[in-house]
Amino acid sequence: MIRISDITDRVQSYNPSSDIDIINRAYVFSAKVHKGQVRLSGEPYLNHPLEVSGILTEFKLDEVTVAVGLLHDTIEDTLATEEEIRDLFGEEVLFLVNGVTKISRISFSSHEEKQAENFRKMILAMAKDIRVILIKLGDRLHNMRTLKHLPKEKQIRIAQETMDIYAPFANRLGIARMKSELEDLALQYLEPEIYNELSQKISHRAKQHQKIIDEAIQTIQTKLKEYNIETVVKGRTKHFCSIYQKMKRKGVPPDQIFDIMGVRIITNNIRDCYAALGVMHSIWTPLPGEFDDYIAMPKPNMYQSLHTVVMGQVGHPLEIQIRTHEMHHTAEEGIAAHWRYKEKDKFDKKYDERFIWLRQLMEWQQNLKDPKEFLEMMKVDLFHDEVYVFTPKGTVKGFPQNATPIDFAYAIHSEIGHHCLGAKVNGRMVPLNYKLITSDIVEIITSTNHHPSRDWLKIVKTTKAIQRIKHWLKTEEKEHSKALGNEILKKELTKYGLTHSKTSKSGELLKVAKRFGFVEEEELIIDIGYGKITAKHVLGELLPQEKLQPRSEPSKLKKALNKLTRPKDQSIKIKGMNDVMAHFGKCCNPIPGDKIVGFITRGRGVSVHRNNCPNVNPLLYGTERLIEVTWDVKKNMPYHVEIDVLCIDKAGLLAKITAAISQGRVNIIHADIKTTQDMQATCRFCLEITNLKQLQKVIASIKTINDVTVVYRTSALAKNKIAK
């Protein structure tokens, strides 16, 4: 068991000017309030805060943090009060203790909700003082070291929570050794058979591997000395969890994992890192695809190192890491390595900037009220492997694996995301569902006529993108519901000789809204559009019961269809109807091959649209006016279709585009060319097309032309906005 004198000696060894008195006073107070308490192991409870403080000294944290390690359970598990902590130790200590204190006194409806609420509290504290999470990690590490004394059910729950929550936090803060120990301890309880198998086989092969590593170290030291490169060369054993993850990734048993041990080379400066790398590759053959340069492109948690895998002396892969002494210090201790530079509760700016993600999490937790949703967001944005891509100006941005150009667009700015039309990666056009990979150079193409799609939610990975898309869709849905609610209410009022404008101006409609619990009339209209309140309920509040007589006459829509006996378009079949007039909607100009839907108009028969045309949105008109239609094409009939081509304004480019169209045996009915001051051009062509396949070939042909950035079929929405 660690003693208080061991703790104070450690603090003084790395900070001789520290105030040891606060640590001693914290120890006396903790011993007093925890007196008589024992852990499930039977040992005095005081051992736990002592061990937590000991862990914090390993990361050379300041005396206040070490003192809070001794006090972190006093408010939760003893009769100590916040006033006592404040009076004896001050506001800073009280804040840190409160930040770490568990919230078990609060009743939660489920374990998942409790877990999410714990996240919220930690992150709120982290946003103000990173030491809270460092203390919390120390607390969790010692609890994991003594987990064997708990019932099996609790062991599994706590181990899984450690694997899902605390180990990734340690990784994100760059504390490699704590992350590795937490993962190995958790694996011991989550996969005991795997853990025991690894333990036995690694112990059995340890001598053989150690001999290989010793020989490799001797070779490296001799060779580097020839080049006058001063280094420290060490062997390193991979942690069990790391080996297990590699087994799962490669689908092989432990016997086939050869690089269980590796070599770490620590140099005096960055120049020597790259020089040592060159020497390693001159000694042994590097394996393709196994080199990573985290010096030129550090991880968000400040980790820097060169990683390479070479074919070693006996034909087994050998993993080599090369870094400076400072990089090694950061890799082992992460953010804790730089806490000593803290002055007056403020980090050095360059380190504070590296942890901007803490402030982002702070914002997200404030916006997400549902604990389950918040927990999912946390898993997405904290617990993943990242890819690193470049902006056109060379700025590096990190994203989750499988992130898309849409995630990139929203990371730049919400408006860029909202108007994202396409993307270029490494100078070539890619689809929006393209999965970004490390070192991609990404350029976003925008259009004021383009807006988010609900389908985007299926492919984006970052919290920001998901939130912004959902907010935009919700706003749009609200506008649609408002328009639909107005139309429904207007029709219902007209039946009884009332008008919307009169009932609104008289204040009667506002009174009805307030009776339904709304503050404004608009809220009532929106709920009618959503279907939460019916227009008849509103009429019931406006008129006496005796005046509300339902009508039994046939609908105007059916009357209109009965009168229409003109022949329909010969290329369209209307389900269940014959000799009904039909025409194509000019807003979307459907052609054979498009998925289509019919819309029953007032007096003009059935209007045929593409099924994604915004002018036949069920939110606006309901489903009763939509009817199933199918293509019945017996010959190649010409149809007019408009396409937009976005390109660079260069001489001769228009000729190339029109030539590509002509090669597809397609006539150009008319063209409209617009240029901008930044040498960009938008070309709109009206083409005579016979079917969708022909149109797709023409578009594909145009896309192959250099300096053409985007080609797309013009939608009704785009046409309307351009016209405005």
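**Exercise 1. Salt bridges across the chain**

Find how many salt bridges a search of the whole structure returns, and then work out which helices are tied together by the pair Glu181 and Arg145.

*Solution.* Step 1: the search of the whole structure finds 19 salt bridges, and the model in which they are found is a predicted one.

Step 2: one of them joins Glu181 to Arg145, with the closest N and O atoms 2.8 Å apart, which lies inside the 4 Å cut-off that a salt bridge requires. Glu181 belongs to helix H11 (residues 176–190) and Arg145 to helix H9 (residues 131–145), so this salt bridge ties together parts that are 36 residues apart in sequence.

Step 3: consider the surroundings of the two partners. Glu181 has a relative accessibility of 26% and counts as partly exposed, and Arg145, with a relative accessible area of 33%, is likewise partly exposed.

Step 4: return to the helix that carries Arg145. Helix H9 has 15 residues and reaches 21 Å from its first C-alpha to its last, close to the 21 Å expected at 1.5 Å a residue. The helix is mostly covered, since 14 of its 15 residues are buried.

**Exercise 2. Two further pairs and a network**

Establish how far apart the closest N and O atoms are in the salt bridge of Asp455 with Lys458, do the corresponding task for Arg515 with Glu541, and name the residues that are linked in a network of salt bridges.

*Solution.* Step 1: in the salt bridge between Asp455 and Lys458, the closest N and O atoms are 3.6 Å apart. Asp455 is partly exposed at a relative accessible area of 47%, whereas Lys458, at 67% relative accessibility, counts as exposed; the boundary that a residue must pass to be called exposed is 50%.

Step 2: in the salt bridge between Arg515 and Glu541, the closest N and O atoms are 2.9 Å apart. This pair links distant parts of the chain, with Arg515 in helix H23 (residues 508–515) and Glu541 in helix H25 (residues 535–542), 26 residues apart. Glu541 has 38% relative accessibility and therefore counts as partly exposed.

Step 3: the network of salt bridges links Asp62, Glu92 and Arg131.

**Exercise 3. Assembling an open sheet**

Determine the order of the strands in the open sheet of four strands, and identify which of them are the edge strands.

*Solution.* Step 1: begin with strand E15 (residues 606–610), which is mostly covered, five of its five residues being buried.

Step 2: strand E13 (residues 582–584) pairs with E15 in the parallel sense over three bridges, and within this pairing Ala582 has Val606 of E15 as its bridge partner.

Step 3: strand E14 (residues 596–600) also pairs with E15, but in the antiparallel sense and over five bridges; here the bridge partner of Val597 is His609 in E15.

Step 4: E14 pairs in turn with E16, again in the antiparallel sense, over two bridges, and Phe599 stands opposite Leu626 in E16.

Step 5: put together, these pairings give an open sheet with the order E13-E15-E14-E16 and mixed pairing. The edge strands are E13 and E16 (626–627), each of which pairs on one side only.

**Exercise 4. Two buried side chains**

Decide whether Arg684 is buried or exposed, find which side chain makes a polar contact with that of Arg684, and list the residues that Tyr244 touches beyond four places in sequence.

*Solution.* Step 1: Arg684 is found in strand E20 (residues 680–689). With a relative accessible area of 12%, Arg684 is buried, and its side chain makes a polar contact with the side chain of Asp644 at 2.7 Å.

Step 2: Tyr244 is placed in helix H13 (residues 240–250), and at 12% relative accessibility this residue counts as buried.

Step 3: leaving aside residues up to four places away in sequence, Tyr244 touches Leu187, Glu191, Ile194 and Leu198. The C-alpha atoms of Tyr244 and Tyr195 are separated by 8.5 Å, although the two residues are 49 residues apart along the chain.

**Exercise 5. The chain as a whole**

State how many helices and strands the protein chain contains, and what percentage of its residues count as buried.

*Solution.* Step 1: the protein chain contains 30 helices and 21 strands.

Step 2: of its 724 residues, 48% count as buried, while the chain exposes about 37,700 Å², of which carbon and sulfur atoms supply 50%.

Step 3: among contacts in the protein chain with a separation of 6 or more, residues 24 or more positions apart account for 66%.

Notes: Residues are numbered from 1 along each chain as its sequence is written. This is a predicted model: local features need pLDDT of at least 70, side-chain atom pairs count only at pLDDT 80 or more; totals for chains, interfaces and linings use all residues. Side-chain values use heavy atoms; hydrogens and water are left out. A salt bridge is a side-chain nitrogen of Lys or Arg within 4 Å of a carboxyl oxygen of Asp or Glu. Buried means under 20% relative accessible area, exposed over 50%, partly exposed in between (1.4 Å probe, protein chains only). Contact means heavy atoms within 4.5 Å. Accessible areas come from the Shrake-Rupley method with a 1.4 Å probe; for residues, only the protein chains shown count as cover. Two strands pair if DSSP finds at least two bridges between them. A polar contact is a pair of N or O atoms within 3.5 Å; within protein, one must be able to donate a hydrogen and the other to accept it, and residues adjacent in sequence count only if both atoms are side-chain atoms. The expected span of a helix is 1.5 Å times one less than its number of residues.
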